[in-house]
Amino acid sequence: MGFSLILILIVVVVILLMAVINRYRRCPSDKILVVYGTSGSNKSAKCVHGGGTFVWPIIQDYAYLSLTPISIDANLTNALSRQNIRVDVPCRFTVGISTEPESMLAAAERLLGLTPQQIQELARDILFGQLRLVIATMSIEELNSDRDKFLEAISSNVEVELKKIGLRLINVNVTDINDESGYIEALGQEAAAKAINEAKVRVAEQEKMGEIGKADAVRETRIRTAAANAEAVKGENEAKINIANSDADRREREAEAQRRATAAEKVAQAQALEESYAAEQKAENARAERERSTQTANVIVAQEIEKKRLVIEAEAAAEQKRVNAKGEADAIFAKMEAEAKGLFEVLTKQAQGYDKMIQAAGGDATKAYTLLLLEKLPDLVKTQVEAIKGINIDKVTVWDNGAGNGNGQTSTANFLSGLMKSVPPLGELFDQAGMSLPEYLAKKKEEPKAESKEEPAPEE
């Protein structure tokens, strides 16, 4: 029984806790949470922005006010300016609910439960009234030229009235200002009327001077009337000039607008032609590229195949030449190697023969050299004989008178002896070869010594 009671109490507490948690309301950043009912203060409602609060059941309830800006068209027409000239002032206002504490409370008291359309109509009525009031305090010159002053006046007047219902002015956009009767024409009419009224006042003042100065007054009146008429005509002429200038400006602007429109149309046509030409150029380029590819496939590819074939043939021929050159080089090397081996064998055998010849000579190299020279002696003699073999003597004429020279020989004997001396002797050949003849070949006869003949001494 006690466990059931505790369980029931726990369930009740949980339910109450869930109910309390469920009554906590959070406020989005684009809204204002308005809690009304018993707020515990002198205020009619509690406004929360960007936070949250508990809303007690039964005794409290809540609602939201949207902070989304509201755009209002206030196309004011026939509004009187300070000069009593009716003007059209189309404006667009952007308003929204303010987040200031006092403004939020005012909005909760006056706008809670209204639809956006109803809030827009309410704000429009306030804006129209304040806009007319501001225009009534300004001249057309100020409305047209000093736009900042106009907007500042609108903001200062409208802001105060909107704040009373919890709204604030976000933006004002004045698109254009038009006058119903014509601004320049009204200025001309005002100048003419002013001149005429001044003339009438002067005439009335002259009439009061009495009958004595009546003639002068009439004359003065006529003069002043003429002057006034001149001023009036002048004013009318100035008004007409201003109207003409306005018409000229209008026609000039219309012509400029027409010129810009024509220029824009021509520019658009030129751009269209340019795009068309560009597209045609791209098409021609694509066709040219296709033709180039076709020619490349038909000509260049075939030439590349032929080039590769020629390269392969040239490489094969070069390889064949390298193989043949290598074979020839190998053959030459083999031939030279065989000749070298043969020469080596000849020299080896020759050295062995010389060695055996020295051994046969009992180890004496000079005797072996003599034996070798005996073998070569016929060749040396043959060489000596060959020295004069090729001399052709067709005719030899010797004039010999039989007289001898100092050695007892005749001229003919001297000629033959000199001819034989022209043959190289064996001794000189051996000397040039770095060798020497054996003694039995090199031995010469000793010439008899000439006996000295003593001359007798001269007698004293």
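This is a short talk on salt bridges, one helix, the cysteines and a few single residues in a predicted model.

First, the ground rules. The model is predicted, so local features need pLDDT of at least 70 and side-chain atom pairs count only at pLDDT 80 or more, while totals for chains, interfaces and linings use all residues. Residues are numbered from 1 along each chain as its sequence is written, and side-chain values use heavy atoms, with hydrogens and water left out.

Let me start with salt bridges. A salt bridge here is a side-chain nitrogen of Lys or Arg within 4 Å of a carboxyl oxygen of Asp or Glu. How many salt bridges does that rule give? The count is 16.

One of them joins lysine 31 to aspartate 30, with the closest N and O atoms 3.9 Å apart. For exposure I use three words: buried is under 20% relative accessible area, exposed is over 50%, and partly exposed is in between, with a 1.4 Å probe and protein chains only. Lysine 31 is partly exposed at 27%, and aspartate 30 is partly exposed at 37%.

The next two pairs sit in helix 7, which covers residues 214–360. Helices and strands are DSSP runs numbered from the N terminus: H or I with at least four residues for a helix, E with at least two for a strand. Arginine 250 and glutamate 254 form a salt bridge at 3.1 Å, N to O. Why are these two about one helical turn apart? Because they are four residues apart in helix 7. As a general point, an α-helix has 3.6 residues a turn, so residues three or four places apart point the same way. Arginine 250 has 41% relative accessibility, which makes it partly exposed, and glutamate 254 is partly exposed at 45%.

Further along helix 7, arginine 309 and glutamate 313 are also four residues apart, about one turn. Their side chains meet in a salt bridge at 2.4 Å, N to O. Arginine 309 is partly exposed at 37%, and glutamate 313 is partly exposed at 42%. There is also a network: Glu256, Arg259 and Arg260 are joined by salt bridges that share partners.

Now a surface patch. Ile6, Ile10, Val14, Leu17, Met18 and Ile21 make up a nonpolar patch with about 590 Å² of accessible area together. Patches are made of residues with over 30% relative accessible area and no salt bridge; like charges are joined within 9 Å, and nonpolar side chains (Val, Leu, Ile, Met, Phe, Trp, Tyr) within 5 Å. The areas come from the Shrake-Rupley method with a 1.4 Å probe, and for residues only the protein chains shown count as cover. Isoleucine 6 from this patch lies in helix 1, residues 2–22, and is partly exposed at 49%.

On to the cysteines. A disulfide is counted when a pair of cysteine sulfur atoms is within 2.5 Å. The structure has zero of them. Cysteine 27 is in no disulfide, and the nearest cysteine sulfur, that of cysteine 47, is 9.6 Å away. Cysteine 27 is buried at 9% relative accessibility, and cysteine 91 is buried at 2%.

Next, helix 5, residues 147–163. The expected span of a helix is 1.5 Å times one less than its number of residues. For the 17 residues of helix 5 that should give 24 Å, and the end C-alpha atoms are 24 Å apart, which agrees. Which residues of helix 5 are buried? They are Phe150, Ala153, Ile154, Val158 and Leu162. Seen down the axis, these buried residues fall within an arc of 145°, so they line one face of the helix. That arc is taken from the directions from the helix axis to the C-beta atoms. The face turned away from the buried side carries the exposed residues Asp148 and Glu152.

Serine 156 is also in helix 5, and at 44% serine 156 is partly exposed. The C-alpha atoms of serine 156 and leucine 169 are 9.7 Å apart, with their positions 13 residues apart along the chain.

Two residues to finish. Asparagine 78, in strand 6 (residues 70–80), has a positive phi of about 55° although it is not a glycine. Asparagine 78 is partly exposed at 34%. Isoleucine 135 is in helix 3, residues 116–136, and is buried at 0%. The C-alpha atoms of isoleucine 135 and leucine 80 are separated by 6.8 Å, although the two are 55 residues apart along the chain.
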